[in-house]
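I opened this model to go through its sheet, its ligand shell, its helix packing and its unusual backbone angles. The entries follow in that order.

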Amino acid sequence: MIELKKAGFSYGGGEIFRDVDLHLAQGTFHFLTGPSGTGKTTLMKMCYQALMPDSGTIKVFGRDVRAMNRDDVALVRRRIGVVHQDCQFLNHLSVGENVLLPSFVAGRDGLDDQRNLRELLKWVELEENIDQLPPELSGGERQRAALARAVILSPEVILADEPTGNLDWNMAQRLLTLLIELNKMGKTILVATHDMNLIRAARPHVAARVLRIQGKRVHLAGADL
Ligand SMILES: Nc1ncnc2c1ncn2[C@@H]1O[C@H](COP(=O)(O)OP(=O)(O)OP(=O)(O)O)[C@@H](O)[C@H]1O
C-alpha cells in the first residue's frame with residue numbers, strides 16, 4: 001500500500017531521514033517507535049503526501065508520489081485515514097460535523113456518510129456526544145472522535161500519530177482495541193507511539209511488526225520489547 005525506497009528528507013538544513021526503506025503491505029499492522037524528535041510525525045506526513053521526499057521514491061497504492069498531480073493526491077488521500085497527534089478539530093463545529101468533515105471536503109453529497117455517522121459514533125461509544133463541541137470532550141473522547149473521522153470515508157490505510165499519548169491506560173486499551181478491529185477488517189494500520197506497554201498489549205491480539213527510527217533510518221525491531 002505504501003512503499004518507501006531509499007527515501008530522504010530534510011527540513012531546510014536539518015536532515016531527518018536518509019535512505020529509508022519501508023513497506024506497509026495490505027492488511028498489516030505496524031507500530032512506529034523512536035525517541036521524541038526522531039521523525040515519527042514526519043514519516044507519517046511523507047506517507048500521506050503532506051511532505052515529499054528529497055531523495056529516493058515513495059509509492060502509494062503502487063503510484064510514485066512525484067508523478068501525481070493535485071487531483072491524484074486528493075484521491076489517494078481519501079484512501080488514507082489520519083489520526084493527527086493533536087486531533088485537529090474545528091472547535092466551532094460539533095463532534096458529528098467534525099467527523100463528517102472529510103466527506104464534505106471530498107465533495108460527496110454526504111447522505112451515505114451521514115447514515116454511517118451514527119453507526120461510527122456508536123462504534124466509538126460517542127453517540128451521546130454528537131452535538132457537543134470538541135473542547136467539551138475528554139481526551140479519550142477526542143481521540144475516539146478523531147478515529148471516527150479518520151475512517152468516515154472507509155480508507156484502506158489508517159495512520160495514527162500517538163493516538164493514546166494523553167490517555168490513561170484503560171482508555172489507551174480501548175483505542176487499541178478499535179485499531180485492532182479495523183485491522184481485522186482488512187485495513188492497513190500504522191501507529192506511532194512511545195508506549196511500549198501498548199505494543200506489548202497488542203501482541204496477543206494482532207501480529208504487529210514494530211518499526212524503530214534510529215540513526216535517520218527505519219529498522220524492524222526484534223521481538224525483545
Ligand atoms: N515544519 C518543521 N520545520 C522544521 N523542523 C521541523 C518541522 N517539523 C518538525 N521539525 C523537526 O523535525 C524533527 C522531527 O520531528 P517530528 O515531529 O517528526 O518527530 P517525532 O518523532 O514525531 O516527535 P514527537 O515524538 O515528539 O512527536 C524534530 O527535530 C522537529 O523539531
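Entry 1, the sheet. I noted at the outset that this is a predicted model. I looked up the strand order and found an open sheet of four strands, 2-1-4-5, paired antiparallel. I then checked the edges: strand 2 (14-24) and strand 5 (63-64) stand there, and each has a single partner strand, so one side of each lacks a neighbour in the sheet.

Entry 2, the pairings. I went through the sheet pair by pair. Strand 1 and strand 2 run antiparallel and are joined by seven bridges. In that pair I located F9 opposite F17 of strand 2. The hairpin of strand 1 and strand 2 has two residues between the strands, and in it G12 takes a positive phi near 55°. Strand 1 is also joined to strand 4, antiparallel, by five bridges. Here I found G8 opposite S55 in strand 4. Strand 4 (residues 55-60) pairs with strand 5 in the antiparallel sense over two bridges. K59 stands opposite D64 in strand 5.

Entry 3, the helix on the sheet. I asked which strands helix 1 touches. Helix 1 (residues 40-47) packs on the sheet and touches strand 1 (2-11), strand 2 and strand 4. I read about 125° between the direction of helix 1 and that of strand 1.

Entry 4, the ligand. I listed the residues that surround the ligand: Y11, G14, I16, G34, S36, G37, T38, G39, K40, T41 and T42. Strand 2 and helix 1 are the elements that give two or more residues to this shell. Helix 1 has the largest share, three residues. I sorted the shell by class and got two nonpolar, eight polar and one charged residues.

Entry 5, helix 3. I looked for the buried residues of helix 3 (residues 95-105) and found V95, G96, N98, V99, L100, P102 and S103. Just after helix 3, G107 takes a positive phi of about 75°.

Entry 6, two packed helices. I took helix 5 (residues 139-151) and helix 6 (residues 169-184), which pack at an angle of about 10° with axes 10 Å apart. The two helices are therefore roughly parallel to each other, since angles under 35 degrees count as such. I then listed the contact: G140, Q143, R144, L147 and V151 in helix 5 meet M171, L175, L178 and L182 in helix 6. By class, the residues of this contact divide into six nonpolar, two polar and one charged. I added a reminder on the spacing within such lists: an α-helix has 3.6 residues a turn, so residues three or four places apart point the same way.

Entry 7, positive phi outside glycine. Which residue in the loop between helix 4 and helix 5 should I note? E125 lies in that loop, with helix 4 spanning 111-123. E125 is not a glycine, yet has a positive phi of about 60°. I counted 13 C-beta neighbours inside 10 Å, so E125 is partly exposed. E162 is not a glycine either, and has a positive phi of about 45°. I placed E162 in the loop between strand 7 (157-161) and helix 6. Is E162 buried or exposed? E162 is buried, because 21 other C-beta atoms lie within 10 Å and the cut-off is 20 or more.

How values were computed
Residues are numbered from 1 along each chain as its sequence is written. This is a predicted model: local features need pLDDT of at least 70, side-chain atom pairs count only at pLDDT 80 or more; totals for chains, interfaces and linings use all residues. Two strands pair if DSSP finds at least two bridges between them. Two residues are in contact if their C-beta atoms, placed from the backbone, lie within 7 Å. Axes are lines fitted to C-alpha atoms, for helices over the stretch in contact, and angles run from 0 to 180 degrees between N-to-C directions. A residue is near a molecule or strand if its C-beta atom, placed from the backbone, lies within 6 Å of it. Ala, Val, Leu, Ile, Met, Phe, Trp, Tyr, Cys and Pro count as nonpolar, Asp, Glu, Lys and Arg as charged, and the others, Gly among them, as polar. A residue is buried if 20 or more other C-beta atoms lie within 10 Å of its own, exposed if 12 or fewer, and partly exposed in between; C-beta atoms are placed from the backbone. Angles under 35 degrees count as roughly parallel, over 145 as roughly antiparallel, 65 to 115 as roughly perpendicular and the rest as oblique.
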